[in-house]
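Me: Can you walk me through this one? I'd like to go piece by piece.

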Amino acid sequence: MSKTKVSTKKGSADKKPSTFSKITSFFKNERTAFAFGLVILLITFYLFIAFASFFFTGSADQSKVENITLSELAINREDIGNWAGVQGAFLAHLFLNEWIGISAFFILAFLLLFSLKLMKIQQSSLFKWFLLSSLGVLWTSIALSFFFEPFMGDSFLFLGGKLGSVCSRIIRNYVGWSGTFLLVMGVLAIFCIFTVQSATPALRRFFSFIPAIGNKLKAEASAPISAETDTEKEIIPEEEEEEEELIEEEEEENPKEELFDEEEEEVADEEEIYDETLDNSYTEPDDIEKKHAPLLEEDNFTIEVAPDEESYDGSALGKYDPTLDLSKYKYPTNDLLKKHDTTRLVDTEEQKANKLRIIETLENYGIKISRIEATVGPTITLYEIVPAPGVRISKIKNLENDIALSLSALGIRIIAPIPGKGTIGIEVPNKEAQLVSMHSILFSKKFQESNYELPLALGKTITNDIFMVDLCKMPHILVAGATGQGKSVGLNAIITSLLYKKHPSQLKFVLVDPKKVEFNIYSAIERHFLAKLPDAEEAIVTDFTKVVQTLKSLTKEMDNRYDLLKKAKTRTIKEYNTKFIERKLNPAKGHLFMPYIVVIIDEFGDLIMTAGKDVEMPIARIAQLARAVGIHMVIATQRPSTNIITGSIKANFPARMAFRVASMIDSRTILDSPGANQLIGRGDFLFSQGSELTRVQCAFIDTPEVESVTDFIGNQTGYPSAMYLPECESDDDTNTIRQNVLDDKDPLFEEAAHLLVIHQQGSTSLIQRKFSIGYNRAGRIVDQLEAAGIIGPFEGSKARQVLVQDEIQLERILENYR
């Protein structure tokens, strides 16, 4: 037997590819198939125009195209009214009158599907549509002739064509009018029954797995190879035929697989395995897994045969579309946003005056420049100067206040030098600032054509370019700025950008709003875009205790997603979702389409002061690990101090938006460099990613505009509820210990708290000296202050960190324990 196999291998190896295999491989080329499909599509449109025109011009053209050949008609070129010309008039007359009548449109429908199949736009079964189109042509032609021919009179159009007319008369002569009527309606009823059955993949699989058919397949598979007939091959579904073609191609490429020739007995064995799998897919799954265990170890074997996978036929269902859950969802329209006047006004006189003052100021200090140019932005004008040779850059940098004085302007910022250029930049605010509307940003060509996963349209740069970033690549953003400098508008711009670009099935928000008034406007989109805890009444998180639970729930969601990525053998959410869309992952095994989750936290400083490490630790963990599983964070604070923006937060939030702050220290805290203290406010911010700073004027979106967008989304059909985050175990033990510590507060507890906050030093010895008490009692007070979140944990020989900034914030905390 083994010798026979070897000789078969040599014989098959010497065979040359057949003409049919060459043609098949030619059309399997993606570009060739697309081009061929495009040609068929154009021909289909041409025929459609010719056929449609026939209903309007056929009466006039009929006498000119009857009883004449196409060549004669082309030579004479008489006045043809058909919109597709002489050729179109001839083809329309041929199909609609001489042949099959109006049913010719079934042919066009099949050609359209065939072209889309070749172009990889539609993946329908061509064989099924060929049968449906053929039956539709025959039945429609006969039915139209039978019902309408007696009433057409001298009309130029035969609804069923001459073919339908002849067939109708023949049937009527044999079975009469009533028999013909019953035959036509019976065929229509049978056609409808089978169409409904074939429309549902589950029913198709049900009928294909009827035990009688399975037994028949098994009996035929066990027969000798010579008994194989064409009927046996027809039982194999179209998807399996494509699978066999792929196997045949691999056999030509891999010499080891050439041992199996279609004319040898080994093919019968493989077909027996296939048929037995088909027969026993629901009754004997364990036997199948054992039988196919060697095949599952093959790297190039892509069909899973685990018991729960056998019932999941992903290829038959086509690609998964997550948006079909809300198939009628409409994206927000442009009329929901205000169209502010964005006409760019360039004051040349202002530019000239500023240039002269800059040159004059520099010359007063002995600094000469060789060139100066101006770039006008919406709110800032950038003056680029090229100093004369030998001038030190630091000398110009030190004149920042003098230049601001000469220009009588606030917010002067000197960039020395501009990265990537051999120039020094001086940013000067315009006297009349231009409003950057959200409408002009979201409906710009750059935003509409962007292919970012999570596009954020934030505003315009100094050069009037639209500034966009991809949150997936950030992957988290830290936003800081003093009160009233545009921080809240910036957060609204971030959320609105995503609402205009993503479908509810692709994105979810977790909104944390300690002030309770910033994000309540987004409660209207709860059933579309928000995620919450299962037991939460509202999706917007405002309670401090719920914040900690929500963050812990997000860490659990992150861990669950990593488990799914591990099972799917993928590294990122994008790879995972691509596999799921292509139906390579089985939902029965727990796989599901993962939406991106964007966590936005406002007033982060209040959370840190209230909850301390309970908030900081899960945020740091999410920021470190959650990027790969599609969870991204945007946190905002109006207090960019070191005890709020700690080292762990800064290390994991590389992207930062800095609006105007009060001091250079605050600017260095958020940006690691000065500059944010020199901004002019009203949405003027610096964006930092890495070492590069970009000055941007934030896009303006007002509260009524946000309400219009959320109401537009909220009035549409949504999911039954917001997306539920996984339930997490609460730290009852930790809370119990803290409560026990605080139940027996020392009488000096509040006085000690005020003492440490005033001195900003969490020292046990300080409490001993101030209140003249022993070390043990002072130590207990320190433990109580730590449990209350006023000071940090023990740090060895160093004094404990004081987590509260001032006595006003301390009073808020103490009020909870009184």
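**Starting with a helix**

Reply: Sure, and keep in mind that this is a predicted model. Let's begin with helix H27, residues 604-611, which is mostly covered: seven of its eight residues are buried.

Me: Which residues of H27 are buried?

Reply: They are Phe604, Gly605, Asp606, Leu607, Ile608, Met609 and Ala611.

Me: And which strands does H27 lie across?

Reply: H27 lies across E8, E10 and E11, and its direction is at about 90° to E11. Just after the helix comes glycine 612, with a positive phi of about 60°.

Me: OK, tell me about the sheet with those strands. What's the strand order?

Reply: It's an open sheet of nine strands, ordered E6-E5-E14-E13-E12-E7-E11-E10-E8, with mixed pairing. At the edges you find strand E6 (466-470) and strand E8 (507-512), each pairing on one side only. On average, neighbouring strands here are turned by 30° against each other, ignoring direction.

Me: How do E10 and E11 pair, parallel or antiparallel?

Reply: Strand E10 (residues 596-601) and strand E11 (residues 631-637) pair in the parallel sense, over five bridges. To pick out a residue pair, isoleucine 601 has isoleucine 635 in E11 as its bridge partner.

Me: What about the other sheet, which strands form it?

Reply: That open sheet has four strands in the order E1-E2-E4-E3, and the pairing is antiparallel. Strand E1 (369-376) and strand E3 (413-415) are the edge strands, so described because each pairs on one side only. Neighbouring strands of this sheet are turned by 20° against each other on average, again with direction ignored.

Me: How many bridges join E3 to E4?

Reply: Three bridges join E3 to strand E4 (residues 424-429), and the two run antiparallel. Arginine 413, for instance, has glutamate 427 in E4 as its bridge partner.

Me: Which helix packs on that sheet?

Reply: Helix H18 (residues 348-364) does, touching E1, strand E2 (380-387) and E4. The direction of H18 makes about 145° with that of E1.

Me: Switching to loops. Where is serine 437?

Reply: Serine 437 is in the loop between E4 and helix H21 (438-442).

Me: Why does serine 437 count as buried?

Reply: Because its relative accessibility is 2%, and the cut-off for buried is under 20%. Serine 437 and leucine 337 are 100 residues apart along the chain, yet their C-alpha atoms are separated by 8.6 Å.

Me: Glutamine 716 next. Is it buried or exposed?

Reply: Glutamine 716 is buried, with a relative accessible area of 13%. You'll find it in the loop between helix H31 (703-714) and strand E15 (723-724).

Me: What is glutamine 716 in contact with?

Reply: Not counting neighbours within four places in sequence, glutamine 716 is in contact with Lys328, Tyr329, Lys330, Arg527 and His528. A polar atom of the glutamine 716 side chain lies 2.7 Å from the backbone nitrogen of lysine 330.

Me: Any backbone oddities to look at?

Reply: Try methionine 474 and proline 475, which are joined by a cis peptide bond with omega about 0°. Proline 475 is in the loop between E6 and strand E7 (477-480).

Me: Which phi does asparagine 464 have?

Reply: Asparagine 464 has a positive phi of about 65°, although it isn't a glycine. This residue is in the loop between strand E5 (455-461) and E6, and asparagine 464 is buried at a relative accessible area of 17%.

Me: And where is aspartate 672?

Reply: Aspartate 672 is in the loop between helix H30 (664-671) and strand E13 (684-689). Aspartate 672 also has a positive phi of about 65° without being a glycine.

Technical notes
Residues numbered from 1 in each chain as written. Predicted model: local features only at pLDDT ≥ 70, side-chain atom pairs only at ≥ 80, totals over all residues. Heavy atoms only, no water. Buried < 20%, exposed > 50% of the residue type's maximum accessible area, 1.4 Å probe, protein only. Polar contact = N/O pair within 3.5 Å; in protein donor to acceptor, adjacent residues only side chain to side chain. Contact = heavy atoms within 4.5 Å. Axes fitted to C-alpha atoms, helices over the stretch in contact; angles between N-to-C directions.
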